[in-house]
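Work through the following exercises with the sequence and the structure side by side. Try each task before reading its solution.

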Amino acid sequence: MAAISKEVQHRKPEYDIDPIFVNRWSPLAMSGEPLDEKDLMPLFEAARWAPSSYNNQSWRFIYAKRGTPAWERFFDLLWDGNKPWAKNAGAFVLIISKTTFDMNGKPSKTHSFDTGAAWENLALEGSRRGLAVHPMEGFDYDKAREACRIPDGYQVEAMIAIGGRAPKETLPPIMSMAIRPPSACTRPSEIRQAAQGIMVGAAPAAPPVTLA
Ligand SMILES: Cc1cc2nc3c(=O)[nH]c(=O)nc-3n(C[C@H](O)[C@H](O)[C@H](O)COP(=O)(O)O)c2cc1C
């Protein structure tokens with residue numbers, strides 16, 4: 001079993017869990033090297049093994065390799081706060097989910113939930129392989145639908161920037177003002193305790209109820 005890596009030593013698990021969970025984080029610093037199928041396919045393979053309601057496997061991935069017109073098209077979709085670091089991504093992946101069941105065409109309640117499980121598998125495998133795998137909500141969802149020809153019946157979920165790892169010193173200073181607090185730009189985020197967000201039996205009865 002791999003050990004908890006040095007850069008995440010400040011993230012202390014409260015219980016004995018596999019270090020793969022603690023070692024995954026969302027680095028911003030990327031090397032700018034292109035990635036190709038030999039780098040990306042194992043990540044999609046990991047995603048493939050996620051569980052899904054009625055085994056519907058609702059996740060779909062659309063990828064764009066650095067150095068291709070598609071990469072530029074994906075990059076143009078990003079919010080300005082993501083561009084200064086994501087410009088060094090080796091590939092982008094748009095994650096979408098099919099909103100209905102294959103077996104009967106009825107709406108799936110869990111297409112996003114199942115796709116979230118697949119994304120996490122992908123991220124864990126990428127992290128295990130030493131890649132920076134960074135999820136993003138910070139892009140134009142409507143334009144992504146158009147730019148990537150997403151048909152009706154599929155929901156745009158998120159985008160991922162994937163790249164070779166680079167030293168945090170390579171990040172532009174502006175990063176300290178973008179989206180995340182400065183410390184979180186260059187090192188893994190603090191994560192709240194397990195007990196927050198866990199309840200026994202039911203949500204608390206007395207208002208206000210915030211569930212964590
Ligand atoms: C769906 C999703 C969307 C996110 N969007 C962005 C984003 O647009 N830009 C960004 O810098 N980080 C984004 N993040 C990264 C989160 O800020 C990060 O996962 C969180 O702070 C926990 O840190 P860690 O992933 O390093 O453990 C996103 C994460 C998720 C799961």
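**Exercise 1.** How many bridges join E2 to strand E4 (residues 154–164), and in which sense do these strands run?

Solution. Keep in mind throughout that this is a predicted model. Begin by locating E4 at residues 154–164, and then count its bridges to E2, of which there are eight, with the strands running antiparallel. One pair to check by eye is Val-93, whose bridge partner in E4 is Ile-160.

**Exercise 2.** Work out the order of the strands in the sheet, and decide which strands stand at the edges.

Solution. First, turn to strand E1 (residues 59–65), which pairs with E2 in the antiparallel sense over seven bridges; here Lys-65 has Ala-91 of E2 as its bridge partner. Next, add E3, which is joined to E4 by six bridges and also runs antiparallel to it. Putting the pairings together gives an open sheet of four strands in the order E1-E2-E4-E3. E1 and E3 each have a single partner strand, so they stand at the edges and one side of each is left without a neighbour in the sheet. Finally, neighbouring strands are turned by 25° against each other on average, when direction is ignored, while helix H3 packs on the sheet, where it touches E1, E2 and E4 and makes about 110° with the direction of E1.

**Exercise 3.** Check whether the length of helix H5 (residues 111–128) agrees with the expected span, and then find what covers its buried residues.

Solution. The helix has 18 residues, and at 1.5 Å a residue these should span 26 Å; because the end C-alpha atoms are 26 Å apart, the two values agree. Now look at burial, where the buried residues of H5 include Asp-114, Ala-118, Leu-122 and Gly-126. In general, an α-helix has 3.6 residues a turn, so residues three or four places apart point the same way. Among the elements that cover the buried residues of H5 are helix H1 (19–23), helix H2 (37–48) and strand E3 (131–136). Just after the helix, Gly-130 takes a positive phi of about 85°.

**Exercise 4.** Find which element gives the most residues to the largest nonpolar core.

Solution. Start from the core itself, which has 38 residues, with Phe-92, Ile-95 and Met-159 among those that have the most contacts inside it. E2 gives the most to this core, namely six residues, and this strand is mostly covered, since seven of its eight residues are buried. As a last step, follow Ile-162, whose contacts beyond four places in sequence include Leu-35, Ala-91, Val-93, Gly-126 and Val-133.

How values were computed:
Residues are numbered from 1 along each chain as its sequence is written. This is a predicted model: local features need pLDDT of at least 70, side-chain atom pairs count only at pLDDT 80 or more; totals for chains, interfaces and linings use all residues. A residue is buried if 20 or more other C-beta atoms lie within 10 Å of its own, exposed if 12 or fewer, and partly exposed in between; C-beta atoms are placed from the backbone. Helices (H or I, at least four residues) and strands (E, at least two) are DSSP runs, numbered from the N terminus. Two strands pair if DSSP finds at least two bridges between them. The expected span of a helix is 1.5 Å times one less than its number of residues. Two residues are in contact if their C-beta atoms, placed from the backbone, lie within 7 Å. A nonpolar core is a set of buried Ala, Val, Leu, Ile, Met, Phe, Trp, Tyr and Cys residues joined through C-beta atoms within 7 Å. Axes are lines fitted to C-alpha atoms, for helices over the stretch in contact, and angles run from 0 to 180 degrees between N-to-C directions.
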